[in-house]
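Me: I would like a close look at one part of this model. Please keep it brisk, then place that part in its wider setting.

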Amino acid sequence: ILDVEKVSEIAHEHGIPLLIDSTFTTPYLCKPFDLGADIVFHSATKFLSGHGVVIGGLLVDGGKFDWIRSGKFPTLTEPYDGFHGLNFAEEFGPAAYITRARKEGARDFGACMSATTAFYVLQGLETLPLRMEKHVSNTRKIVEFLTSHSAVDWVSYPELPEHPDYELTKRQLPKGAGAVFAFGVKGGRQAGHQLISKLKLFSHLANVGDAKSLVIHPASTTHHRMDAQALEAAGISEGLVRLSVGLEDPDDLISDLNAGLKASQRNL
Ligand SMILES: Cc1ncc(COP(=O)(O)O)c(C=O)c1O
């Protein structure tokens, strides 16, 4: 968990804006502008739209960062060759960055959201608070279940007192620490593989923030080419399993995980 207040103070002492990826918390759990962030971005593919049916994102400028005073961003504060000599700060003031991001992005990459995608994101936003409450309450129940399971080595969720960011989380994320977290299954790579092969309710997918619960075991899927040493160096143990907890009945999710954990320990 990033201490946004502290990092924003350090950034501002050095004339640097702080950009925060708030995808996992959404504006429901955290408002980074209130903590000193200058620009916030989200993958709307995840919780904002909430149903795993779109790809989209957004960039929000708090409008407070003084690009001219910072003096570190000449392509915003001096005539910019990439945009016919336009001086974005002179022309748009505090909106220099967001204007350039939008104009240059649209011009060079042709980024334009389809109407259907925009509709899904807006539709999802209407239920964001209800969904986030349920994502968090389901997650808490699953974390509690996993922490006392004999096939589980460790659980990393910042609401657990043993997590190094526990105090910060209580302060910064009082409504909950979200629905994406990792745990370690005993028995490493083989156990992780056996676990995800057994799960029925959890979809085996690399996405997060869907209404459906999702699971991934990097050592046997996305990172299967890496040996134990390379995984360790990347901070991923062989037994690490990531969950994105959805909106299903928590008892059903726990029962699915229980069956998976039992299967994970066979023939080790
Ligand atoms: C935290 C976070 N930010 C941004 C992205 C990028 O999202 P997208 O796939 O919508 O471009 C992801 C994707 O996994 C993510 O997990």
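Does D3 count as buried or exposed, and at what relative accessibility?

Reply: D3 counts as buried. Its relative accessibility is 16%. The cut-off for buried is under 20%, so D3 at 16% falls on the buried side. Bear in mind that this is a predicted model.

Now take the partner. D3 forms a salt bridge with R171. The closest N and O atoms of this pair are 3.7 Å apart. The rule allows up to 4 Å between a side-chain nitrogen of Lys or Arg and a carboxyl oxygen of Asp or Glu, so the R171 and D3 pair, at 3.7 Å, qualifies. The two residues belong to distant parts of the chain. D3 sits in the segment before helix 1, and R171 sits in helix 9, residues 166-172. In sequence they are 168 residues apart. R171 itself is exposed, with a relative accessible area of 55%. This bridge therefore joins a buried acid, D3, to an exposed base, R171.

A general point helps here. Side chains of opposite charge can pair when their charged atoms come close.

Next, the other bridges. The structure holds seven salt bridges. One of them links K212 and D210, at 3.3 Å from N to O. Here too the acid is buried: D210 has 3% relative accessibility. K212 is partly exposed, at 39%. Another bridge brings the side chains of D108 and R107 together, at 2.7 Å from N to O. In this pair D108 is partly exposed at 43%. R107 is also partly exposed, with a relative accessible area of 40%.

Now the wider setting. The chain divides into domain 1, 4-43 + 57-112, and domain 2, 127-264. Taken over C-alpha atoms, their centres are 33 Å apart. Domain 1 puts 10 residues into the contact, and domain 2 puts in 12.

How much area is buried between domain 1 and domain 2? About 1,000 Å², with carbon and sulfur atoms giving 70% of that area. On the domain 1 side, F24, Y28 and L29 supply 69% of the area buried against domain 2. No other three residues supply more.

What about charge and polarity across this interface? The rule finds zero salt bridges between domain 1 and domain 2. Polar contacts do occur there: the count is three residue pairs. Helix 1 (4-13) and helix 2 (26-29) each supply at least two residues of the domain 1 side that touches domain 2. Helix 2 gives the largest share, four residues. By class, that side of domain 1 has seven nonpolar, two polar and one charged residues.

One last acid, for contrast with D3. D249 lies in the loop between strand 8 (240-244) and helix 12 (250-264). D249 is partly exposed, at 41% relative accessibility, whereas D3 is buried at 16%. From P27, D249 is 222 residues away in sequence and 24 Å away in space, C-alpha to C-alpha.

To return to your part: D3 is buried at 16%, and its salt bridge to R171 links distant parts of the chain.

Definitions and conventions:
Residues are numbered from 1 along each chain as its sequence is written. This is a predicted model: local features need pLDDT of at least 70, side-chain atom pairs count only at pLDDT 80 or more; totals for chains, interfaces and linings use all residues. Side-chain values use heavy atoms; hydrogens and water are left out. Domain bounds come from an automatic or database domain assignment. Contact means heavy atoms within 4.5 Å. Buried area is the accessible area (1.4 Å probe) that two parts lose on being put together, summed over both. A polar contact is a pair of N or O atoms within 3.5 Å; within protein, one must be able to donate a hydrogen and the other to accept it, and residues adjacent in sequence count only if both atoms are side-chain atoms. Ala, Val, Leu, Ile, Met, Phe, Trp, Tyr, Cys and Pro count as nonpolar, Asp, Glu, Lys and Arg as charged, and the others, Gly among them, as polar. Buried means under 20% relative accessible area, exposed over 50%, partly exposed in between (1.4 Å probe, protein chains only).
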